[in-house]
Amino acid sequence: MNIQSELHKASLFHNLELLANQVVEGFISGIHKSPFHGFSAEFAEHKIYNNGESTKHIDWKMFAKTDKLYTKRYEEETNLRCHMILDNSASMYYPEIKNLELDNLNKIGFGVLAIATLMNVLKRQRDAVGLSIYSDDYSFYSPEKGSERHHQMLLSKLNEVCKNNSSSKETKTYKYLHEIAEKIKRRSLIFLFTDMFQSTTEDEKLFEALRHLKYNKHEVVLFHLLDKKYEVDFDFENTPKQFIDVETGESINLYADSIKENYQNILNTYKNDLKMKCAQYKIKYVEINVSNCFSDIMNTYMTERQKFI
């Protein structure tokens, strides 16, 4: 199922809420092709009845139509607390794109729209959403709430992030993950959107910060955002090029092919270490190519929600 192919080529900034809604509707329309048959356009109003639950709120009219037991959901009911964490460091703005569109996203654009899409789903399910954004400081925090006013405020903040080009900033992800972990007191489902690029000498500190996110029995999903063509495949023309570290400003001139093999070996070793640590800490690791559609995000959310509740 390719959600993205069904969406028009609109600017990401034109209406973030509308685009997020289109992604969700595209997912719902193709849901019969996925294992999540209980997810439908009415999922905000009903949930599947589980044996042992009270029969007080069973919707018998729905049972007559579908031959399945559903319980009614109420507006004030909140079943899930979800906190979104967005890495807003300079490396997330790679590759540099003047006009972000649905078929032309860099890492920050993908992260913003993915969060807006998940917020759309959580809003329909009347769940509470919080948001943290960090770069070279812990720039934004909002606790989990479920009101429409709160939803619009978070959308406004996400729009603001995408409209501002990040200047060169060196971030210490591990520092801010520790701070975020301390703020989230009640058990929550945590989604972290980051490219995980930092100094290699700080890997252990980063792994410990990820472990801290599991504090208070939180469920954590790490969406590792990468541009596959350039950052994974290192698919550059073998002509003299200047490579610049967007966070430190350091640069080097060389032919791409002269370092491609070593670069890929180092990257693969780092990713494997990261996957191993996530498995050790029981954190869900999902590598995301930002050139792809949002199906991996939605499918992961559905799986983790079923486990969480």
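This is a short tour of the structure, stop by stop, with a selection to make at each one. Keep in mind that you are looking at a predicted model.

**The main core**

Start inside. Select M84, L86, F110, L158, F191, F193 and F223: these have the most contacts within the largest nonpolar core, a set of 52 residues. Now add helix α3, residues 107–124, which gives the most to this core, with 11 residues. In soluble globular proteins, nonpolar side chains tend to be buried together.

Next, zoom in on L86 and show what surrounds it. Which residues is L86 in contact with, leaving aside neighbours within four places in sequence? You should find M92, I108, G111, V112, I115, S132, I133, Y134, L158, V161 and F193. Apart from the main core there is another one, made of 25 residues; pick out L192, M196, L213 and Y285, which are among them.

**A cis peptide**

Go to Y94 and P95 and display the backbone. The peptide bond joining Y94 and P95 is cis, with omega at about -10°. P95 itself is found in the loop that runs between β3 (81–87) and α3.

**The loop between α6 and β7**

Now select the stretch from α6 (203–213) to β7 (219–226); Y215 lies in the loop between them. Is Y215 buried, partly exposed or exposed? Its relative accessibility is 48%, so Y215 counts as partly exposed. Add R187 and draw a C-alpha to C-alpha distance: Y215 and R187 are 8.7 Å apart in space, with their positions 28 residues apart in sequence.

Stay in this loop, because K217 has its place here too, between α6 and β7. K217 is not a glycine, yet its phi is positive, at about 65°. With a relative accessible area of 67%, K217 is exposed.

**Another positive phi**

Jump to D67, in the loop between α2 (60–66) and β2 (70–72). Here again the residue is not a glycine, and D67 has a positive phi of about 65°. D67 counts as exposed because its relative accessibility is 60%, and exposed means over 50%.

**Two cysteines**

Finish by selecting C278 and C293. How many disulfides does the structure hold? Zero. Why do both cysteines count as buried? The cut-off is under 20% relative accessible area; C278 is at 1%, and C293 is at 17%, so C293 counts as buried too.

Notes. Residues numbered from 1 in each chain as written. Predicted model: local features only at pLDDT ≥ 70, side-chain atom pairs only at ≥ 80, totals over all residues. Heavy atoms only, no water. Helix = DSSP H or I, 4+ residues; strand = E, 2+ residues; numbered from the N terminus. Buried < 20%, exposed > 50% of the residue type's maximum accessible area, 1.4 Å probe, protein only. Core = buried A, V, L, I, M, F, W, Y, C linked by side-chain atoms within 4.5 Å. Contact = heavy atoms within 4.5 Å. Disulfide = S-S within 2.5 Å.
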